[in-house]
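Please open the structure in your viewer and keep the selection panel at hand. The stops below are meant to be taken in order.

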Amino acid sequence: MAFLTLGAFLLTLGVAMKVYAYDRLAVVPKDQNTQQILGDDNANFFDADNVAPGSGPISTVATVIGDPDLAKEAADENDGADIAVFTKGQSTDNNDQAPPIDFLEQTFAIDRYTGAAVPWSGASQNGEPIEYEGQIIKFPFNTQKKSYDYWDATVKAPMKMEYEGTEKVEGTDGSIDTYRFSGSIPETEFGVREVPRAIFGLADTGPVEATRTYANERTVWVEPETGVMVKIEEAQKQWLKHDERGAKDVVAMDTVSSSSPETIQANIDEYGSKSASLKAVRTWLPLALGGLGVLSLLAGVALALRFRSRRNADVDDDAYANA
């Protein structure tokens, strides 16, 4: 009887691991607070401090902070869906002095399971309402070897990130297995900026409006169980262009920025163990528990049949003795 009870318990636990526990582990925390840093020691850029072209090291700091209260509002707006809301602030600069080379602020809602953007009236980018599409800060839990739409904040539209293969990402103290995805954005106009006319090689007669264009080759290394982007690399170019005879295009940004070694190692430290736990619950642990449950049930049935057979034999012996 004990083996039968144990077997039933293990089978139930295995099923619960698969259909109940995993769904509660593979979710984005609503109060998540993370920071990622990218850098390039040899970038070319338009120096906002001196209003002139510059070169040297730059760094991009992206901070993502969850807001559980806004998450409840977004969930109510989406029929109670399980949603997280985040505010992301991202600044790129060559020093710690204002103004930065570039600044971005986003508020968005995502599905806590897939990580994909969810429609929400409170979504904004740099203070303007916007409708996000695709992945923004992470890929889905149990990321698949396929293409995904990924939001590009500069062109304000999703881009296609194609699966390229598996790759081990090395940190300063350890490594982690990832899926590598990449995508490109061809040169695209995305705005205007007022700058001195002289930067285009023209006589300095005051400010003019310049067209801003942008292109990017983006690569991300995703830990597939958690969907976390362990490493990011962006080969980005921006230009300032002025439509006037004799005007020369100005490089506003020319960089290959990559996640800092400290950022990569912090991601490995935090998500390496989480990946192992999620994979165990998703794959072999339910099978192991189910297998042990089946063996226990079989052992229980065998013992029960053996006990019944022996009992019947004892009854037959007693009947023969009394005959």
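The tour of this predicted model goes from paired strands to cavities and then to aromatic rings.

Begin by selecting strand 1, residues 33-47, together with strand 2, residues 52-66: the two run antiparallel and are joined by 13 bridges. They form a hairpin with 4 residues between them, and in the turn V51 has a positive phi of about 50°. Keep strand 1 on display and add strand 12, which pairs with strand 1 in the antiparallel sense over 4 bridges. A convenient residue to centre on is L38, which stands opposite T60 in strand 2 and also opposite S259 in strand 12.

Now turn to the cavities, of which there are 2 with a volume of 30 Å³ or more. For the largest cavity, select F46, I101, D102, R193, R212, Q238, L240, A252 and M253, the residues that line it; the space inside comes to about 80 Å³. Strand 11 (228-241) and strand 12 (250-259) each supply at least two residues of this lining, which by class holds 5 nonpolar, 1 polar and 3 charged residues.

Next, select F108, A109, A117, V118, P119, W120, A123 and Y132, which line the second largest cavity, where about 40 Å³ of space lies. Which classes of residue make up this lining? It has 8 nonpolar residues, with no polar and no charged ones.

Stay with two members of that lining for the aromatic part of the tour, in which the whole structure yields 10 aromatic pairs. The ring centres of F108 and Y132 are 5.8 Å apart and their planes lie at 70°, so this pair is edge-to-face. It links distant parts of the chain, since F108 belongs to strand 4 (residues 102-111) and Y132 to the loop between strand 6 (128-129) and strand 7 (148-152), 24 residues apart. F108 is buried, with a relative accessible area of 0%, and Y132 is buried as well, at 7%.

Move on to F139 and F181, a tilted aromatic pair with 5.0 Å from centre to centre and 35° between the planes. F139 lies in the loop between strand 6 and strand 7 and F181 in strand 9 (residues 175-196), so the pair ties together parts that are 42 residues apart in sequence. Both F139 and F181 are buried. Widen the selection to F139, Y148, Y150, Y163, Y179 and F181, which ring pairs link into a cluster.

Finish with two lysines: the charged end of K231 sits over the ring of W221, 4.5 Å from its centre, while the charged end of K241 sits over the ring of W239, 5.9 Å from its centre.

Note on methods. Residues numbered from 1 in each chain as written. Predicted model: local features only at pLDDT ≥ 70, side-chain atom pairs only at ≥ 80, totals over all residues. Heavy atoms only, no water. 1 Å grid on protein atoms, 1.4 Å probe; cavity = no way out; pocket = protein on both sides within 12 Å on 5 of 7 lines; lining within 4 Å. Points joined across faces, edges and corners; volume = space filled by probe spheres on them. Nonpolar A, V, L, I, M, F, W, Y, C, P; charged D, E, K, R; others polar. Pairing = 2+ DSSP bridges. Phe/Tyr/Trp six-rings, centres within 6.5 Å; stacked < 30°, edge-to-face > 60°. Buried < 20%, exposed > 50% of the residue type's maximum accessible area, 1.4 Å probe, protein only. Lys NZ or Arg CZ within 6 Å of the ring centre and 35° of its normal.
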